[in-house]
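Me: Could you take a close look at one part of this for me, the sheet in chain A and the helices beside it? I'm new to this, so please spell out the terms as you go.

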Amino acid sequence: MASEPAVPFVEIEALRAQQFVPAAKEALSAMIAERGQEKVVRPVFNWAGRNSLFPLHWGLACCAIEFAAAFGARWDAERFGVVPRSSPRQCDLMIVNGTVTWKVAHKLITLYEQMPEPKWVIAMGNCATGGGPFRTAYSVVPGVDKLVPVDVYIAGCPPRPEAMLDGILRLEDLIRERKE
Amino acid sequence: MQPADLEAALRPKLGDRLLTVEPFARTAGRVRFRRDGALDLFRTMRDDLAYRHLSMVGAIDWVDHREVFYVLWSDERTEYVLLSADVPADDARIETASGVWPSANWHEREAWEMVDVLFDHHPDLRHLLTPDGYAFHPLLRSFKLHEPEELEVKTRHV
C-alpha cells in the first residue's frame with residue numbers, strides 16, 4: 001500500500017465509538033463503489049489484524065520471562081492490542097520465546113498448525129533465531145525456521161521487553177503491506 | 001555405618017559377587033559389585049539395611065568399560081551409600097532396579113539414552129529427554145558434536 005493514497009479509515013480512527021459504525025459503513029460503501037472491493041477490504045482487514053495481534057501464551061525458556069514482563073504493568077504490550085491467549089485456536093501470532101529442542105519440535109509444529117490463518121511467527125531471542133549458544137548441541141533445533149516459517153527475528157539473549165515490542169511493531173508494518 | 005560393617009552385612013548374602021566396600025566421603029561407603037549380583041544386592045540394601053530411597057541412578061563412560069552407579073539414602077540411618085558396578089562397553093547391560101525402587105525407572109531411561117547402558121527387564125525403556133528414534137547416545141566419549149545440518153539429517157523424528 002506504499003504507493004496508494006491514505007484510505008479514509010485513518011479519519012475513522014479519530015472518531016468516537018458512538019459514531020464509528022455508521023461512519024465506517026458509509027465510508028466503506030463509498031470506497032468500495034469507487035475503487036473496487038479488493039483495494040478497500042484488504043486494507044481494512046490488515047488494519048484490524050495488525051491492531052489485534054493475539055500471541056500464543058506459552059514459554060520455552062528464559063525469553064518467556066521477558067515475554068511475561070512485556071505484558072506486565074511497566075511495558076504493557078496490551079496498549080498495542082497484543083493480548084496473549086491460551087488456546088492456539090484463538091491466536092494469529094506465535095512468539096517462539098526460547099530454546100527449541102528436538103523433543104518439543106513436533107509439539108511446536110502441532111501448535112502452529114492449530115492456529116487459524118492468517119498467522120505469523122516471531123523468533124524471539126538467539127536460541128529461536130539460530131540455536132544460540134546451543135547451536136551444535138545434540139538436542140537443540142538450530143533455529144525455529146527449520147520447523148515453521150518465521151516473519152520477524154528478534155536478537156538478544158534474552159531480548160529486553162522493548163526489543164520484543166519493537167519486533168511486534170515491525171510485524172505490524174509487515175501486516176500493513178500484506179497483499180493476500 | 002562403616003565400610004567394614006557394610007561388608008560384613010552383605011558378604012553372607014552375595015558371596016564373591018560383592019567385590020569391595022571402599023570408604024567414600026560423606027557416605028557409608030562405596031559398594032562395588034559384580035553385575036550378576038545386582039538384584040540380590042538391591043533387595044538386601046532395601047529390606048535388610050533399610051535403604052528405602054533410591055536417590056539417583058547414573059552411568060559413566062570410562063571408554064574401556066562403563067560404570068553404573070546408584071545413590072541410596074536411608075531415613076533411619078540418615079546416611080547415603082553408593083553402589084557401583086562395572087559393565088563391559090561391548091555388552092553394556094545390567095538388571096533394572098526399578099522393581100526394587102520404582103524411582104529408578106526414569107533415571108535408567110536417561111542413563112540408557114545418554115550412555116547406552118541397557119537395563120534388562122525395565123518396564124518402560126523409552127527415550128526420556130531425546131525424541132523417539134534419536135540415533136545418538138550423546139554422553140558417550142565417542143560422540144562428536146555435529147554440524148546442525150548433519151544432526152538434522154540423522155535425527156528423523158518430525
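Reply: Here is a walk through that sheet first, and then the helices.

Before we start, this is a predicted model, so local features need pLDDT of at least 70 and side-chain atom pairs count only at pLDDT 80 or more, while totals for chains, interfaces and linings use all residues. Residues are numbered from 1 along each chain as its sequence is written, and chains are lettered from A and ligands numbered from 1 in the order in which they are written.

Some vocabulary: helices (H or I, at least four residues) and strands (E, at least two) are DSSP runs, numbered from the N terminus. Two strands pair if DSSP finds at least two bridges between them. In general, strands of a sheet pair through backbone hydrogen bonds, either parallel or antiparallel.

Now the sheet itself. In chain A, three strands make an open sheet in the order β1-β2-β3, and the pairing is parallel. At the edges sit β1 (93-97) and β3 (152-154) of chain A, each pairing on one side only. Neighbouring strands here are turned by 15° against each other on average, direction ignored. For angles like that one, axes are lines fitted to C-alpha atoms (for helices, over the stretch in contact), and angles run from 0 to 180 degrees between N-to-C directions.

Zoom in on one pair: β1(A) and β2 (residues 120-124) of chain A run parallel and are joined by five bridges. If you want a spot to click on, find A:N97, whose bridge partner in β2(A) is A:M124.

Next, the helices. Helix α7 (residues 161-176) of chain A lies across β2 and β3 of chain A, and runs at about 165° to β3(A).

Helix α7(A) also has a helix for company: its axis and that of α3 (residues 37-50) of chain A come within 9 Å and cross at roughly 165°. Angles under 35 degrees count as roughly parallel, over 145 as roughly antiparallel, 65 to 115 as roughly perpendicular and the rest as oblique, and α3(A) and α7(A) are therefore roughly antiparallel to each other.

Which residues meet there? From α3(A) come A:N46, A:G49 and A:R50, and from α7(A) come A:E172, A:I175 and A:R176. Being in contact here means that C-beta atoms, placed from the backbone, lie within 7 Å. The residues of this contact divide into one nonpolar, two polar and three charged. Here Ala, Val, Leu, Ile, Met, Phe, Trp, Tyr, Cys and Pro count as nonpolar, Asp, Glu, Lys and Arg as charged, and the others, Gly among them, as polar.

Terms used: Contact = placed C-beta atoms within 7 Å.
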